[in-house]
Amino acid sequence: MPFTQPQPQSEPLALFEAWFQAAGESGVTMPEAMALATATADGRPSVRMVLLKGFTAEGHPRFFTNYESRKGQTLEHNPRAALLFWWGDLARQVRIEGPVRRVSPAASDAYFASRPRLSQLGAAVSPQSRPIAGHDGLLRQVDALAAALGDAPVPRPAHWGGYAVEPESWEFWIGHDGRLHERYQYTRRGDAWDFALLAP
Ligand SMILES: Cc1cc2nc3c(=O)[nH]c(=O)nc-3n(C[C@H](O)[C@H](O)[C@H](O)COP(=O)(O)O)c2cc1C
């Protein structure tokens, strides 16, 4: 598998992009799926899967969600997150940690407009993370909104958009037999990265 080996002088974003491309080419199912961990202001953690949807111009990984969801509310009160990619068949793992901020409304508009129409309708009607009476009711709301809109574009709901994580640290993990894994950590220091090899 042609994975780039981490080096002290590597730029972690470029290294990630090389690994991500190699994971995609190797046939990993949804290499863009990542676990997103957040914590409430008093330190209660929660974690769920989201999809990596590109990077900001600054190179910060992005995902899109409902700002009023559990994760959204948690991030509004404690805007820090950890991301985890696990490409199991390849024994590769990548961790990213750092502060989180909303992407610009224009960036959320652009990504929303690129989504399939059914996903747009679903995002518009779903009160993500809140109790609902039934799945059928949600589907009826999708149908009702579709009928009301006709051929008009689905407006991006104000409560739906992107977040970007500004990496303060990256860890690139390569699994080996006997738990003798390789762990390469990059920690931001000003405009540069400190590099460390960590014990497995
Ligand atoms: C593979 C996978 C990808 C997902 N991608 C997203 C996503 O990009 N955005 C999102 O809001 N939810 C996504 N979900 C659903 C979330 O895992 C979660 O159920 C939802 O966002 C509500 O989480 P919360 O209640 O913690 O806010 C995904 C789930 C899976 C299994």
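**Exercise 1. The ligand shell**

Task: In this predicted model, find which residues surround the ligand, and state which element gives the largest share of the shell.

Solution.
Step 1. List the surrounding residues. The ligand is enclosed by Arg48, Met49, Val50, Leu51, Phe64, Thr65, Ser69, Arg70, Lys71, Gln128 and Ser129.
Step 2. Look for polar atoms facing the ligand. One oxygen atom of the ligand lies 2.7 Å from a polar backbone atom of Met49. For Lys71, an N or O atom of the side chain is 2.5 Å from an oxygen atom of the ligand. For Ser129, the distance from a polar side-chain atom to a ligand oxygen is 2.6 Å.
Step 3. Ask how much of the ligand is covered. On its own the ligand exposes 630 Å², of which the protein buries 64%.
Step 4. Assign the shell to elements. Strand S2 (45-51), strand S3 (62-66) and helix H2 (70-77) each give two or more residues. S2 supplies the largest share, with four residues.

**Exercise 2. The two sides of helix H3**

Task: Sort residues of helix H3 (residues 105-114) into buried and exposed, and say where the buried ones lie around the axis.

Solution.
Step 1. Pick out the buried residues: Ser108, Tyr111 and Phe112.
Step 2. Check their directions. These residues span an arc of only 100° around the axis, so they lie on the same side of H3.
Step 3. Recall the helix geometry. An α-helix has 3.6 residues a turn, so residues three or four places apart point the same way.
Step 4. Turn to the other side of H3, where Ala106, Ala110, Ala113 and Ser114 are exposed.
Step 5. Find the packing partners. The buried residues of H3 pack against S3, helix H4 (117-125) and S6.
Step 6. Repeat the check from H4. Its buried residues include Gln120, Leu121, Ala123 and Val125. The buried residues of H4 pack against H3, helix H5 (135-149) and S6.

**Exercise 3. The nonpolar cores**

Task: Name the residues that touch the most other members of the largest nonpolar core, and find which element gives the most to this core.

Solution.
Step 1. Start with the members. The largest nonpolar core has 30 residues, and Trp87, Val94 and Phe172 touch the most other members.
Step 2. Locate the contributors. At least two residues each come from helix H1 (12-25) and from strands S1 (33-39), S4 (80-87), S5 (92-102), S6 (160-165), S7 (169-174) and S8 (182-189).
Step 3. Choose among these. H1 gives the most, six residues.
Step 4. Follow one member. Setting aside residues up to four places away in sequence, Phe172 touches several residues, among them Pro12, Leu15, Phe16, Trp19, Val94 and Tyr186.
Step 5. Look for another core. A second, separate core has 13 residues, including Tyr111, Phe112, Ala123 and Val125.

**Exercise 4. Two single residues**

Task: Decide whether Ser10 is buried or exposed, and find how far Gly24 is from Trp87 in sequence and in space.

Solution.
Step 1. Place Ser10: this residue is in the segment before H1.
Step 2. Apply the cut-off. Buried means under 20% relative accessible area. Ser10 has 16% relative accessibility, so it counts as buried.
Step 3. List its surroundings. The side chain of Ser10 reaches the backbone nitrogen of Gln7 at 2.9 Å. Apart from neighbours within four places in sequence, Ser10 is in contact with Gln5, Leu15 and Tyr186.
Step 4. Place Gly24: it is found in helix H1. Its relative accessible area is 39%, so Gly24 is partly exposed.
Step 5. Compare sequence with space. Gly24 and Trp87 are 63 residues apart in sequence, and their C-alpha atoms are 9.7 Å apart.

How values were computed:
Residues numbered from 1 in each chain as written. Predicted model: local features only at pLDDT ≥ 70, side-chain atom pairs only at ≥ 80, totals over all residues. Heavy atoms only, no water. Core = buried A, V, L, I, M, F, W, Y, C linked by side-chain atoms within 4.5 Å. Buried < 20%, exposed > 50% of the residue type's maximum accessible area, 1.4 Å probe, protein only. Contact = heavy atoms within 4.5 Å. Arc of directions from axis to C-beta. Near = heavy atom within 4 Å. Polar contact = N/O pair within 3.5 Å; in protein donor to acceptor, adjacent residues only side chain to side chain. Areas by Shrake-Rupley, 256 points an atom, 1.4 Å probe, with all protein chains shown as cover.
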